[in-house]
Amino acid sequence: MKTLQSYINGKWAEGSGDGIIMHDAVTGEVIGKSTTDGLDIPEVLHYGRTKGGEMLRKMTFQERGNMIKKLALYLTKRKEEFYEISYRTGATRIDSWIDIEGGFGNLFANASLRKLFPNQPFHVEGDPVDLSRGGRFMAHHILVPKRGVAVHINAFNFPIWGMLEKCAVNWMAGVPAVVLPAPQTAYLTEAVVRVIVDSGIMPEGSLQLLSGMTKNILDTVESQDVVTFTGSAHTGKMLKAHPRLIEESVPFTMEADSLNASVLGEDAVPGTPEFDQFIKEVRNEMTVKSGQKCTAIRRIIVPSGLVEDVQIALGKQLDKVTIGDPRLKEVRMGALASKKQVESFKNNVSEIAKTAQIVYGSLDKIETIGADASKGAFVSPILMREDKPLQNDSVHTIEAFGPVSTIMPYDTLEEAIELTHRGKGSLVSSIFTYDDKIAKEFVVGAASHHGRILVGNRENARQSTGHGSPLPMLVHGGPGRAGGGEEMGGMRGIKHYMQRCAIQGTPTTISEVTGIYQANAKYKETDKHPFAYHWEDIEPGMSIKTHKRTITDTDIINFGNLTWDHFYAHTDITSLEGSIFEKRTAHGYFILAAAAGLFVYPNKGPVAANYGLEECRFLRPIYHNDTVYVRLTCKQKIDRDHRGKDLPSGIVKWFVEVYDQEEELAAIATILTMVQKKSPFVPIDRTNIENYLAKLTADAQPKWGSMTPQHMLEHLEHTIRIGAGEIQDFEIATPEEHLEKVQEMIYNHKPMPRGHQHPLMKKGELEELKHPDLETAKQKVVEALDNLDNFFKEHPEATTRNAVFGDMNKFEWELLNVKHLNHHFEQFKLLD
């Protein structure tokens, strides 16, 4: 019998002993067994803390995010192999989509959070705190990665999503993970981990997998570790009380079973869009993943007068649900995860049925398509009705984890809210109403007992993600019975794996520690204007003091006429009595504009654009005939992904301080500029190309490829002559719908791929040489460059065709030629 392997300590390993047998949920066939007996669990945790943790902690948020994004793209390309395995868990294609692509979506979503963090391994949180009334002592908070591992004990219902929604967050924080999937579906988790390991994208030790029940996993956890649990409240409470967690003060997050409720508003009567939306949502939540979702609707709370309408409408919808082999397109609901799960489901339904009645479905009869119901873990959807929900508690305390839900009536909205509270804490609740007053009353009243509340109505029906869809940017968790923990939630989730520390010191010291300039810190005077530096060369604290400017009456009047801002303080000096102003006052935005006039560098340089304004404060009036100057200081640098037809750039925040003639601070602002990054390519143009070509000899061997030196030069000459319009008798190989995206590659700083087959070159063989020798080929390359320069001097607005990139202008040809020449000169070691 096949034994699932664990990936630990940098290798795949098998446990010993009998383990737990895993079955195909559809056919009952034995898949294998899972066991971790005999594995050194303490060493697994130690390996993660040291090997994986060390690598992740050194990476910046940008590096972690881009790594996770790369992994998400890699997994997405291989998703079909996971679908094939997922069918064996009883999941349909739609069920599997939630688990598989929902998991990958979590990677994408968390990777995008890198934009909200600094380009460094730690995060600076909140605003600085002045501890000395504007003096030389202050504080700030930073968050650094915990130096432990994230231990994830996961449930069986989402073997991929359950792993990746947690790992994406701890990886972004810089913390490695040890994953313990539930045995019933661990084979699907193992398949994904194998692909992740084989990709080589993640640092070794950042992900370890224990394929099987591991009873002693908490025995050696340490204070820097974080433990998360998803599963039953009973198991979660036992784990939460583990002495080691208490002794080491280990953070423990629990997401437990949850009796989620959905409420039908009194206004949502049959015939309204909200009624139809409600019925559809309940049907989906009962049958998607065969009801095996921690967020599924277990309690259907409806106005007393609409119970029969809801029961009939739901019955009609459930009649459309076909059950059977999840591989078949006509099947809408698959199987539960295991026969054991079926047994538990039936027992719990029977308990609820002691006071409630089953009004749809049967625990004994089921019709299946393409599958043997006796061999697979199939059950029928069960709709129940509890007419006395305020007297009978079973429906509020017992969860049957499967396709079951119970209708119950309410007389007032206050009563409906009370019924939702009876679940003693839920992951999610929802209400369907078009009356926002009803929505507000419900949300405010129910929020104390729920982690998330969805308000559904006709306006969001098409865009709504639904009652049972946890989203990476929102907190996932709930109070009380739901576990009392929180997962995901955007930046909040990442901070759960980081240690917050308050740091105190001088503004200069705090600036150096955080990488963010703090007011009153020492300036770093520069040799040239800060706007003349590329993004990489700019440092926080880099600063200049500008020359001075006197603000005149005419300036103020002209600005008012230009903007139509005729506020009395600027235009009517007879109305100043009783105001805070003493004389004609300059417009605040004129002061800001005048400040820009003082600090802006006029020459063309790396600053590509004004990106925006984050804060602006006018601290004291500037009157006519006052004189001002500006102190411009780099406050912070923020990395930025490259996309589109812009040169790669980053964002620089500049702290602007405007002083008057009394050296009093009159205004402050933080402006943002887009600053270009340095090109990694060696400048190669007409002025220096002969020096590079002189180093090329006929016997030079390439680092890659089969070109000879002369073949390489003739290929360059051919491409350059295409740019000059001398050769245009070819078709563009790139499909038109992809051209814009391909053209963006010209602007990025990525080197050309090695071994790429150009569409105008012969496949698998070298072109026939056309020049008699290497020296002639060198001269022809120089001649081609001269022709290219002359062509665009005479036709500066012209475009010429490229076989890969389509029509290109002068600037684009310059970018491409530098990249292309670097590629081939690197190939023959001319740049060494």
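# Notebook: salt bridges, cysteines and odd phi angles

I started in helix 21 (residues 709-723; I take helices, H or I of at least four residues, and strands, E of at least two, as DSSP runs numbered from the N terminus). Glu717 is buried, and so is Arg721, where buried means under 20% relative accessible area, exposed over 50% and partly exposed in between, with a 1.4 Å probe and protein chains only. The model is a predicted one: I read local features at pLDDT of at least 70 and side-chain atom pairs only at pLDDT 80 or more, while totals for chains, interfaces and linings use all residues. I number residues from 1 along each chain as its sequence is written, and side-chain values use heavy atoms, without hydrogens and water.

**Entry 1, helix 21.** I looked up what joins the two buried residues. The side chains of Glu717 and Arg721 form a salt bridge at 2.7 Å, N to O; the term stands for a side-chain nitrogen of Lys or Arg within 4 Å of a carboxyl oxygen of Asp or Glu. Both residues sit in helix 21, four residues apart, about one turn of the helix. I then followed the pair outward: Glu717, Arg721, Glu726, Lys780 and Glu783 are linked in a network of salt bridges.

**Entry 2, helix 24.** Next I checked Lys810 and Glu814, whose side chains meet in a salt bridge of 2.6 Å, N to O. They are four residues apart in helix 24 (residues 810-827), so about one helical turn separates them. Lys810 is partly exposed at 33% relative accessible area, and Glu814 is partly exposed too, at 38%.

**Entry 3, a long-range pair.** Which parts of the chain does the Arg88 and Glu29 pair link? I first confirmed the salt bridge between their side chains, 3.2 Å from N to O. The pair links distant parts of the chain, with the two residues 59 apart: Arg88 is in the loop between helix 3 (79-86) and helix 4 (93-112), and Glu29 is in the loop between strand 3 (20-23) and strand 4 (30-34). Arg88 counts as partly exposed because its relative accessibility is 23%. Glu29 is partly exposed as well, at 45%.

**Entry 4, charges overall.** I ran the search over the whole structure and got 43 salt bridges. The protein chain carries 94 positive and 109 negative side chains, and the centres of the two sets lie 3 Å apart. For that count Lys and Arg are positive and Asp and Glu negative, with His and the chain ends not counted; I place each charge at NZ of Lys, CZ of Arg, CG of Asp or CD of Glu.

**Entry 5, cysteines.** How many disulfides does the rule give? The count comes to zero, a disulfide being a pair of cysteine sulfur atoms within 2.5 Å. I looked at two of the cysteines. The closest cysteine sulfur to that of Cys167 is in Cys294, 17 Å away, so it is too far for a bond. For Cys634 the closest one is in Cys616 at 19 Å, again too far for a bond. Cys167 is buried, at 0% relative accessible area, and Cys634 is buried at 0% as well.

**Entry 6, positive phi.** I noted Asn9, a residue other than glycine with a positive phi, near 50°. Asn9 is in the loop between strand 1 (5-8) and strand 2 (11-14) and is partly exposed at 24%. Lys829 also has a positive phi, near 60°. Lys829 falls in the segment after helix 24 and is partly exposed, with a relative accessible area of 41%.

**Entry 7, Asp572.** I found Asp572 in the loop between helix 18 (568-571) and helix 19 (588-599), partly exposed at 30%. Asp572 and Lys583 are eleven residues apart in sequence, and their C-alpha atoms are 9.6 Å apart in space.

**Entry 8, whole chain.** I closed with the totals. The secondary structure comes to 24 helices and 30 strands. The C-alpha atoms fill a box of roughly 90 × 90 × 60 Å along the principal axes. Of the 832 residues, 54% are buried. Of the contacts (heavy atoms within 4.5 Å) with a separation of 6 or more, 75% are between residues 24 or more positions apart. The chain exposes about 37400 Å², with carbon and sulfur atoms supplying 51% of it; accessible areas come from the Shrake-Rupley method with a 1.4 Å probe, and for residues only the protein chains shown count as cover.
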